[in-house]
Every structure is written in structure tokens, then in C-alpha cells.
Amino acid sequence: ALIATSSYIGSDNYVGLVSFANEVHIDLPIENFDEEQRAYFTGAVKALDIEGSTATYNAVLIALKMMLDKQAEVPNAKMMLFVLSDGDQNRGYNLDRVAPIVGGLKVPVYSIGYNLSDGSRATSELKRLSNINEASLINASSEDLVNQLRNLFNTQL
């Protein structure tokens with residue numbers, strides 16, 4: 001779904017990729033989403049693997065740090081963070097610890113819950129994360145994830 005919808009991201013945007021499980025990995029540093037970065041992005045997404053626990057908020061902090069560092073180079077950048085998760089956050093920092101940082105930086109966090117039930121703890125936390133700076137949560141199944149991501153990218157990027 002990420003590869004399919006990346007065509008809706010314009011070349012004037014800057015994109016990076018952070019993955020998380022037991023640990024957080026910077027899979028792709030933030031750069032201009034030109035053809036070369038698109039190719040790196042596709043490779044990084046294809047290399048993603050499901051493993052271990054879910055360190056969602058550790059990944060949020062690392063992504064925010066990457067964004068702040070890039071903003072020093074591109075001062076007029078409109079920063080946004082997209083968080084895709086398929087499970088309960090169960091490793092590292094918790095939302096209560098990270099929420100004041102997200103709120104203070106005023107970066108909207110668009111959360112995508114993948115195959116999560118509407119009443120689950122993971123869905124509730126992702127919604128709280130998105131509500132900090134008035135972004136949104138998409139809770140999508142396999143069937144509609146591409147469509148949901150396309151709509152989100154079209155409206156925000």
C-alpha cells in the first residue's frame with residue numbers, strides 16, 4: 001500500500017521512513033522525494049519485515065528529531081508525520097510521556113491503524129496521538145488501505 005500510494009506524493013515533498021518493532025530503525029533519511037528518493041523509498045518499504053514488539057512512541061520521537069534536523073535545512077517546510085501501526089504499543093516510551101513533546105512541536109501526526117478493531121487500545125491511543133495537533137486517524141483494512149492512504153496523501157501533501 002505504501003508503494004502504491006507513493007505516486008500521490010509530489011516531488012516537492014520531503015520523505016523519510018522509520019520502522020519500529022523491538023527497536024527503531026531509520027530506513028530512509030528525509031530527502032526531497034525526487035526519482036532517486038522514490039527508488040530508495042520503494043526499496044526500503046520492500047525490505048520491511050514484521051517482527052517483535054511495537055515501540056511506536058520511540059519511533060515517533062526519532063522521526064520528530066529527523067524532521068527538526070531537516071527543517072534546519074528547509075526552514076519553510078510544513079512538517080507532518082504519518083504513523084502506520086498494526087498493533088498495541090508495548091515497548092519503550094508511552095503516549096503520556098510523548099504527548100507533551102508532540103504537542104509542543106505542533107507537528108500533526110496522521111495515524112493509520114492497519115486491521116485494528118475500532119474499540120482496541122491501539123486504536124484509542126492512535127486516535128489520541130492524532131488529536132494532539134488536530135490531525136486524523138484512519139483505521140483501514142487490507143482491502144481499503146490503498147484508497148485511504150491515497151485520499152490522505154491527496155488532501156495533505
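In this predicted model, valine 83 stands opposite serine 111, a residue of strand 4. The strands that meet around this point, strand 3 and strand 4 (residues 109-114), pair in the parallel sense over five bridges. They belong to an open sheet of three strands, whose order is 3-4-5 and whose pairing is parallel. Strand 3 and strand 5 (137-140) stand at the edges and have a single partner strand each, so one side of each is left without a neighbour in the sheet. From one strand to the next, the twist averages 15 degrees. Helix 5 lies across strand 3, strand 4 and strand 5, and it runs at about 165 degrees to strand 4.

Val83 also takes part in the largest nonpolar core, which has 22 residues, and it is among the members that touch the most other members, together with Val60, Leu64, Met67, Leu81, Val102 and Leu129. The table names the elements that give two or more residues to this core.

| Element | Residues |
|---|---|
| helix 3 | 56-73 |
| strand 3 | 81-85 |
| helix 4 | 95-105 |
| helix 5 | 121-131 |

The largest share of the core comes from helix 3, which gives seven residues. In soluble globular proteins, nonpolar side chains tend to be buried together.

Valine 102 shows what the contacts of one core member look like: leaving aside residues up to four places away in sequence, it touches Val60, Leu64, Val107, Val109, Leu129, Ile132 and Asn133. A second core, separate from the one above, has 18 residues, including Val45, Ala135, Ile138 and Leu152.

Conventions. Residues are numbered from 1 along each chain as its sequence is written. This is a predicted model: local features need pLDDT of at least 70, side-chain atom pairs count only at pLDDT 80 or more; totals for chains, interfaces and linings use all residues. Side-chain values use heavy atoms; hydrogens and water are left out. A nonpolar core is a set of buried Ala, Val, Leu, Ile, Met, Phe, Trp, Tyr and Cys residues joined through side-chain atoms within 4.5 Å. Buried means under 20% relative accessible area, exposed over 50%, partly exposed in between (1.4 Å probe, protein chains only). Helices (H or I, at least four residues) and strands (E, at least two) are DSSP runs, numbered from the N terminus. Contact means heavy atoms within 4.5 Å. Two strands pair if DSSP finds at least two bridges between them. Axes are lines fitted to C-alpha atoms, for helices over the stretch in contact, and angles run from 0 to 180 degrees between N-to-C directions.
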